[in-house]
Amino acid sequence: MLIEVCANSLESALNAEKAGADRIELCSELGVGGITPSFGLISAVKEKLTIPIHVLIRPRSGHFTYTDTEFEVVLNDIKFCKKIGVDGIVSGVLNADATLDIARTKQLVTLSKSLHFTFHRAFDWLPNPKEALQELEAIGVDTILTSGKHLTAENGINLLSELNTVAKKSIIMAGAGVNQGNVNKFSEIGLRAVHLSGTTFGNEVSMNRKIPMNSQKHLEEHQIAVTNVDIIRQIVQSVK
């Protein structure tokens with residue numbers, strides 16, 4: 001079974017390789033499901049790792065329906081990853097109704113040509129996963145990362161098994177809550193790959209007398225925060 005580690009830093013990536021992982025998915029900000037890592041992080045990991053490196057291409061947290069400007073960023077990130085020589089791309093696009101945006105996803109697959117392409121957990125928002133599997137296979141998606149439409153892959157194991165049975169070309173990779181206590185369950189149903197972070201917390205500092213920097217108001221999955229022209233214009237005009 002292939003073990004993919006979701007690595008959120010250079011240290012995590014090095015630890016994954018040291019522990020015997022087959023490859024990593026490099027990303028940042030695990031707390032929001034992962035976003036595209038910085039070019040500096042991608043470069044450092046590429047320089048130091050010997051196992052395959054797949055990079056998450058997700059321009060922000062929240063939903064998976066992107067504006068034209070966001071999609072432009074996605075395309076540029078993939079071009080950089082190809083140029084630097086990573087081994088795979090992890091991405092995907094949905095329509096506003098959570099159906100598969102087949103045209104834009106195909107564009108990403110085509111641009112990523114020669115690299116392994118994984119459709120990420122946006123798959124778990126799709127209303128018809130078996131139909132979507134066929135569509136993704138038709139456009140050349142190599143792997144589908146999914147929890148079986150549940151909060152954890154263990155709870156979604158029945159759908160994972162069904163998808164694995166009907167998949168003809170794509171690898172079904174279980175992700176979300178995979179750990180040392182349940183990983184064998186995915187092997188037992190015939191899955192060939194699992195995805196996990198295996199994280200623990202460290203580098204602790206005291207928060208005594210420190211104000212929090214996390215902004216709860218920006219953690220909305222159904223809508224995206226964008227700088228408002230009118231608000232900024234009024235502020236500019238008030239002080240200029």
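The following paragraphs lead through selected side-chain contacts, surface features and backbone angles of this structure. The model is predicted.

The aromatic residues offer a starting point, with a count of 2 aromatic pairs. In one of these, Phe39 and Phe80 are stacked, with 3.8 Å from centre to centre and 5° between the planes. This pair links distant parts of the chain, since Phe39 belongs to helix α2 (residues 39–48) and Phe80 to helix α3 (residues 68–84), 41 residues apart. Phe39 counts as partly exposed because its relative accessibility is 39%. In the pair of Phe64 and Trp125, the ring centres are 5.1 Å apart and the planes stand at 75°, so the arrangement is edge-to-face. Phe64 lies in the loop between β3 (53–56) and α3, whereas Trp125 lies in the loop between β5 and α5 (129–138), so this pair ties together parts that are 61 residues apart in sequence. The two partners can also be described by their exposure. Phe64, with a relative accessible area of 9%, is buried, while Trp125, with 36%, is partly exposed.

A further ring takes part in an interaction with a charge. The ring of Phe71 has the charged end of Arg104 sitting over it, 4.4 Å from the ring centre.

Phe64 also appears among the neighbours of a histidine. His120 is placed in the loop between β5 and α5, and its relative accessibility of 4% is why it counts as buried. Leaving aside residues up to four places away in sequence, His120 touches Leu56, Phe64, Val90, Ser91, Gly92 and Leu145. The contacts of His120 thus include Phe64, the buried member of the edge-to-face pair.

A second buried position is Ser170, in the loop between α6 and β7 (171–175). With 3% relative accessibility, Ser170 falls under the 20% limit and therefore counts as buried. Residues up to four places away in sequence again being left out, Ser170 touches Leu133, Glu137, Val141, Asp142, Ile144 and Arg192. Ser170 can also be related to Gln134: the two are 36 residues apart in sequence, and their C-alpha atoms are 9.1 Å apart in space.

Charged side chains provide another set of links, and a search of the whole structure finds 7 salt bridges. One of them joins Lys130 and Glu162, with an N to O distance of 2.8 Å. Here too distant parts of the chain are linked, Lys130 being in helix α5 and Glu162 in helix α6, 32 residues apart. Lys130 counts as partly exposed at 40% relative accessibility, and Glu162 counts as partly exposed at 35%.

Another salt bridge is formed by Lys185 with Glu154, whose closest N and O atoms are 2.4 Å apart. Lys185 is in helix α7 (residues 183–188) and Glu154 is in the loop between β6 and α6, so the bridge ties together parts that are 31 residues apart in sequence. Lys185 is partly exposed, with a relative accessible area of 36%, and Glu154 is partly exposed, with 30%.

Helix α8 holds a salt bridge within a single element: the side chains of Arg233 and Asp230 meet at 3.4 Å, N to O. Both residues lie in α8, 3 residues apart, about one turn of the helix. Arg233 has 43% relative accessibility and counts as partly exposed; Asp230, at 46%, counts as partly exposed. A nonpolar surface patch is formed by Ile231, Ile232, Ile235 and Val236, which together have about 340 Å² of accessible area. Of these residues, Ile231 is placed in helix α8 (residues 229–239) and is partly exposed, with a relative accessible area of 49%.

The backbone merits a final look. Most residues other than glycine have a negative phi. Ser114 has a positive value, with phi near 90°, and is placed in the loop between α4 (102–111) and β5 (116–119). Its relative accessibility of 70% is over the 50% limit, so Ser114 counts as exposed. Lys149 likewise has a positive phi, near 65°. Lys149 is found in the loop between β6 (143–146) and α6 (157–166), and it counts as partly exposed at 34% relative accessibility.

Methods. Residues are numbered from 1 along each chain as its sequence is written. This is a predicted model: local features need pLDDT of at least 70, side-chain atom pairs count only at pLDDT 80 or more; totals for chains, interfaces and linings use all residues. Side-chain values use heavy atoms; hydrogens and water are left out. Helices (H or I, at least four residues) and strands (E, at least two) are DSSP runs, numbered from the N terminus. Buried means under 20% relative accessible area, exposed over 50%, partly exposed in between (1.4 Å probe, protein chains only). Patches are made of residues with over 30% relative accessible area and no salt bridge: like charges are joined within 9 Å, nonpolar side chains (Val, Leu, Ile, Met, Phe, Trp, Tyr) within 5 Å. Accessible areas come from the Shrake-Rupley method with a 1.4 Å probe; for residues, only the protein chains shown count as cover. A salt bridge is a side-chain nitrogen of Lys or Arg within 4 Å of a carboxyl oxygen of Asp or Glu. Rings of Phe, Tyr and Trp (its six-membered ring) pair if their centres lie within 6.5 Å; planes under 30 degrees apart count as stacked, over 60 as edge-to-face and the rest as tilted. A charge sits over a ring if NZ of Lys or CZ of Arg is within 6 Å of the ring centre and within 35 degrees of the ring normal. Contact means heavy atoms within 4.5 Å.
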